[in-house]
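Dear colleague,

I am handing over the structure we spoke about, and I would be glad if you kept it open while you read. Below it you will find what was found in it, taken one part after another.

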Amino acid sequence: MNPFSSGTRLRDMIRAIRACKTAAEERAVVRKECAAIRAAINENDQDYRHRNLAKLMFIHMLGYPTHFGQMECLKLIASPGFPEKRIGYLGLMLLLDERQEVLMLVTNSVKQDLNHTNQYIVGLALCALGNICSAEMARDLAPEVERLLQFRDPNIRKKAALCSIRIIKKVPDLAENFINPVAALLKEKHHGVLITGIQLCTDLCKVSPEALEYFRKKCTDGLVRTLRDLVNSPYAPEYDIAGITDPFLHIRLLKLLRVLGQGDADASDAMNDILAQVATKTESNKNAGNAILYECVETIMSIEDNGGLRVLAINILGRFLSNRDNNIRYVALNMLMRAITVDAQAVQRHRATILECVKDSDASIRKRALELVYLLVNESNVKPLTKELVDYLEVSDQDFKGDLTAKICSIIEKFSPEKIWYIDQMLKVLTEAGNFVKDEVWHALVVVISNASDLHGYTVRALFRALQTTAEQESLVRVAVWCIGEYGDLLVNNAGMLNVEDPITVTESDAVDVVESAIKRHASDLTTKSMALIALLKLSSRFPSCSGRIKDIVVQHKGSLVLELQQRSLEFNSIIEKHQNIRSALVERMPVLDEASFGGRRASSLPNTVSTSNGTAVKLPNGVAKSSAAPLVDLLDLSDDVPAPSSSGGDFLQDLLGVDLAPATQSGTSQAPKAGTDVLLDLLSIGSNPAQDNSVSTPDILSSAQDHKPAIASLDVLAAPSNMMDLLDGFAPAPPKPANNGPAYPSIVAFESSSLRLTFNFSKQPGNPQTTTISGTFTNLSSNVFTDFVFQAAVPKFLQLHLDPASGNSLPASGNGTITQSLKVTNSQHGKKPLVMRLRIAYKVDGKDVLEEGQINNFPRDL
Amino acid sequence: MHYTVCKELNSVILSVSSQINFVCLISRQGKVRLTKWYSTYSQKERSKAIRELSGVILSRGPKLCNFVDWKGHKVVYKRYASLYFCICIDEEDNELEALEVIHHFVEILDRYFGSVCELDLIFNFHKAYYILDELLIAGELQESSKRTIAKLISAQDNLVEVAKEEASSLSNIIAQATK
């Protein structure tokens with residue numbers, strides 16, 4: 001009968017569950033308990049309610065469903081006693097989250113408890129609110145919490161401060177209400193209140209520029225004084241950790257000072273002395289001290305420049321980097337990554353140590369170090385760094401090879417000084433880790449090879465050699481097979497021999513052997529086999545003596561279970577047998593693949609972080625040029641490792657393959673991997689063509705791409721064997737262009753500031769409701785000419801965005817002319833979610849940079 | 001440079017993050033002993049997170065660093081006897097401080113239970129949660145003084161005791177009256 005004397009039953013249940021030998025036994029015990037609890041709930045049993053909830057929490061922790069207990073939490077919270085409320089609030093926080101509607105029912109009880117006379121009950125309510133409140137609750141209860149910031153007991157004040165953080169994160173509009181009460185908290189002596197007050201202050205500064213301005217003016221000096229007192233305070237046993245008084249308070253003060261000092265010379269100046277003191281005086285033999293130093297370094301790096309302090313900070317990082325403790329080395333790498341934008345030279349000095357960290361036994365450190373090395377690479381050190389990384393690729397762990405390969409490929413593509421080096425390095429990577437190489441990387445390699453006519457012989461021989469030793473790297477096989485198909489004659493006659501290579505003797509039948517083994521290898525996938533089949537067709541014409549043998553190999557695939565291979569082998573067989581007269585014309589060498597259009601398209605869909613070094617970049621038109629497009633894509637890309645789906649990359653492949661001429665090539669394109677993901681590719685910097693040459697021609701190439709397609713498609717048999725159908729049957733007529741009169745949408749003013757207006761007109765292609773073509777028109781409302789006008793847009797993940805080049809990059813004053821730019825948005829959640837877009841517009845007025853940003857929420861609903 | 005820009009934008013678009021996203025205690029056998037979620041995760045995401053993390057963390061050697069990258073966040077963990085204490089923080093947070101927070105928590109538990117062991121936390125899991133709630137709210141540190149936390153907890157425990165006694169004396173009176 002007594003509700004408080006039944007504690008043993010919880011213990012009994014836990015014991016029973018722990019005694020279970022198998023998962024099935026455990027499930028049975030839990031099922032029995034849950035049944036009993038449900039029964040108790042149905043009977044509205046009051047005596048055991050709190051014990052039942054405790055049991056449910058334990059069951060919940062084991063991962064079983066416990067939703068039926070949610071209402072019990074509310075009942076316990078509504079009951080008058082402290083013990084019931086305590087367990088009720090705990091259950092509320094554990095069993096519910098902010099998205100459950102049940103939570104709304106508790107708002108009233110929480111409100112009453114926030115006004116309770118018992119401060120511990122107020123504390124419980126604040127804690128629950130701080131941990132799980134939703135935006136609606138935040139709005140409803142913010143006045144209560146605000147009032148509690150001045151409560152007499154400091155323990156309530158600190159809870160209210162943290163609760164306020166949750167509230168302003170949920171509803172940033174409420175921030176201004178908290179500015180004044182917080183300023184008072186910053187003057188307190190109680191460490192708990194001070195820590196939480198500083199934290200709230202930091203968060204306020206993040207959501208509200210006014211708050212930042214206010215605290216910067218009113219509180220910087222006071223905070224510097226607080227930090228100084230803390231640093232110089234005598235031994236305080238209550239707060240002491242490893243000889244330092246309250247490292248947590250240290251760190252929060254440093255963090256807030258960082259926010260206040262960033263971008264403000266005066267505030268930065270005011271904190272210089274104390275930062276220098278912290279950086280030099282803090283003991284670094286314990287974790288607590290290092291945590292403070294780490295925070296201090298970050299603050300020094302972020303606030304306005306003071307040469308002396310930065311030297312101090314870099315020295316601390318150098319010391320960290322050579323520390324034996326892995327944790328310290330990890331944070332050093334982390335910090336150096338941020339420091340690189342501030343002082344690249346200083347970071348470069350540690351290159352050798354960082355490179356060693358790439359080979360560390362700890363995966364966390366390796367990953368950080370690799371990212372850092374990637375940022376360190378430049379034109380002058382690319383060769384030795386790449387060599388180190390490629391050498392390491394040989395011995396690295398399997399699960400690290402993916403990351404490492406992607407980074408190496410990216411470095412090679414971005415910085416390669418000459419084509420032969422690029423090809424050499426790529427071949428090494430393909431040989432070591434071809435299975436980890438992304439499709440677009442080897443596609444790019446093929447494009448480069450195709451463009452390097454003086455290296456065709458060299459490359460095909462090198463690939464042949466590589467294949468002799470390594471035959472299990474898929475992408476190496478593909479590139480090799482493609483090259484042998486194209487340049488098989490150069491392989492056999494040793495044409496175009498370079499000084500650096502040793503002559504090899506390869507007979508025609510050796511070359512066919514290689515391709516045959518590729519097609520017969522079990523591990524080869526459909527793409528590889530298709531490519532090998534095409535290579536064989538090409539070789540049948542290049543090596544007439546092997547024609548008979550090739551025909552036999554082709555015929556063997558007539559019975560292939562894969563439709564694609566079966567059909568191609570039938571077709572190729574008929575070419576070899578019956579169409580001798582057109583065969584040589586059909587299998588001529590591919591025309592040089594258009595590097596510039598490949599690069600341009602890639603650049604518009606891929607991030608590119610080095611292009612800032614290119615001084616001419618700003619003159620390039622929007623959307624096409626690599627550098628103007630690069631920041632945009634950074635906006636879209638979460639990080640290098642998260643591929644952003646890109647339609648434009650896919651377009652490239654489709655264009656290259658001429659798919660749009662052949663409506664029935666689904667199988668071909670579905671294998672053709674979607675290009676344009678996460679590797680930074682900058683083909684423009686590979687060849688001898690400097691970027692500015694391309695910049696002039698790129699738009700032309702793009703606009704005339706339509707004209708190129710038939711030529712390319714007629715001969716292109718790179719990766720879509722299905723095109724062969726067209727080769728045999730003659731060109732299929734292009735599908736009739738659908739009439740361009742999709743549903744009409746009203747145009748909107750997407751963005752308007754005092755100086756600039758952007759209007760959007762929408763259109764859709766019938767039959768493709770997901771994709772919207774937006775035509776944006778920019779009008780200059782000011783009386784100054786805007787130059788170097790760049791428009792960028794970012795969309796959430798469920799949207800895909802493609803920007804076409806803008807009509808110009810200078811915008812005449814007072815509306816005397818416009819810039820137009822069209823965007824294509826594909827909404828993968830069409831009908832469910834509306835379009836939303838962030839935009840950022842940069843331009844120059846009288847040589848001064850102006851940046852405007854905004855968010856567009858007023859798209860017509862069903863786009 | 002671009003990298004930071006993109007992060008800022010994404011954080012606005014995708015989520016508003018807190019300093020500590022979640023805390024969990026995992027035993028060496030991979031059993032969950034405590035979880036506290038400060039950012040919003042669905043039930044499915046929660047169990048997936050715990051599963052993935054215990055896979056990664058339990059398999060790490062003893063000499064390696066205490067940090068693992070996890071889905072754009074960092075998980076700072078430390079092993080005490082048979083228990084792994086894990087805290088998931090944001091990319092730009094201070095990992096070394098997170099280690100101190102863990103240690104702070106462990107010391108408070110130790111003081112409360114008197115040389116705490118895994119069994120204490122299993123049978124008194126709710127007490128461990130009460131202590132955590134005095135240490136962290138909204139994923140932020142609340143109190144740096146171990147003594148203050150101990151005082152607050154014992155004051156609340158006393159309230160419960162008092163209520164228990166009242167109730168038992170009440171039921172005794174009722175029992176005697178109805179005899």
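Two strands are said to pair if DSSP finds at least two bridges between them. With that in hand, please bear in mind that this is a predicted model, and let us begin with a sheet in chain B.

The sheet is open and has five strands in the order β2-β1-β5-β4-β3 (chain B), paired in the antiparallel sense. Because β2 (32-37) and β3 (67-70) of chain B stand at the edges and have a single partner strand each, one side of each is left without a neighbour in the sheet. From one strand to the next, the twist averages 20°.

It may help to walk through the pairings, starting at the edge strand β3(B). Four bridges join β3(B) to strand β4 (residues 73-80) of chain B, and the two run antiparallel; within this pairing, the bridge partner of B:Val68 is B:Val75 in β4(B). These two strands form a hairpin with two residues between them, and B:Lys71 in the turn has a positive phi of about 50°. On going further, β4(B) is joined to β5(B) by eight bridges, again antiparallel, and here B:Val75 stands opposite B:Cys88 in β5(B). The hairpin of β4(B) and β5(B) also has two residues between the strands, and in it B:Ala81 takes a positive phi near 50°. Strand β5 (residues 83-90) of chain B then pairs with strand β1 (residues 20-27) of chain B over seven bridges, in the antiparallel sense, and one of the partnerships is that of B:Ser27 with B:Leu83 in β5(B). Helix α5 (residues 125-135) of chain B lies across β1 and β2 of chain B, and runs at about 35° to β2(B).

Next come the aromatic rings, for which the count is 19 aromatic pairs over all chains. B:Phe22 and B:Tyr41 form an edge-to-face pair, with 5.6 Å centre to centre and 80° between the planes. Which parts of the chain does this pair tie together? B:Phe22 lies in strand β1 of chain B, whereas B:Tyr41 lies in the loop between β2 and α2 (43-58) of chain B, so the pair ties together parts that are 19 residues apart in sequence. B:Phe22 is buried, with a relative accessible area of 0%, and B:Tyr41 is buried too, with a relative accessible area of 11%. Another pair, B:Tyr77 with B:Tyr84, is tilted, at 6.2 Å centre to centre and 45° between the planes; B:Tyr77 counts as buried at 5% relative accessibility, and B:Tyr84 counts as buried at 6%. In chain A, ring pairs link A:Phe778, A:Phe786, A:Phe789, A:Phe791 and A:Tyr843 into a cluster.

Finally, some helices of chain A deserve a look. Helix α15 (residues 265-281) of chain A and helix α16 (residues 287-302) of chain A pack at an angle of about 145°, their axes 9 Å apart, and their crossing is left-handed. Among the residues that make the contact are A:Leu275 and A:Val278 of α15(A), together with A:Ile292 and A:Cys296 of α16(A); the residues of this contact divide into seven nonpolar, one polar and no charged. A:Thr220, found in helix α13 (residues 209-231) of chain A, counts as buried at 3% relative accessibility. Leaving aside residues up to four places away in sequence, A:Thr220 touches A:Phe215, A:Leu260, A:Ala267, A:Ala270 and A:Met271.

With best wishes

Terms used. Residues numbered from 1 in each chain as written. Chains lettered and ligands numbered in written order. Predicted model: local features only at pLDDT ≥ 70, side-chain atom pairs only at ≥ 80, totals over all residues. Heavy atoms only, no water. Axes fitted to C-alpha atoms, helices over the stretch in contact; angles between N-to-C directions. Contact = heavy atoms within 4.5 Å. Left-handed = near helix turned anticlockwise from the far one by under 90°. Nonpolar A, V, L, I, M, F, W, Y, C, P; charged D, E, K, R; others polar. Phe/Tyr/Trp six-rings, centres within 6.5 Å; stacked < 30°, edge-to-face > 60°. Buried < 20%, exposed > 50% of the residue type's maximum accessible area, 1.4 Å probe, protein only.
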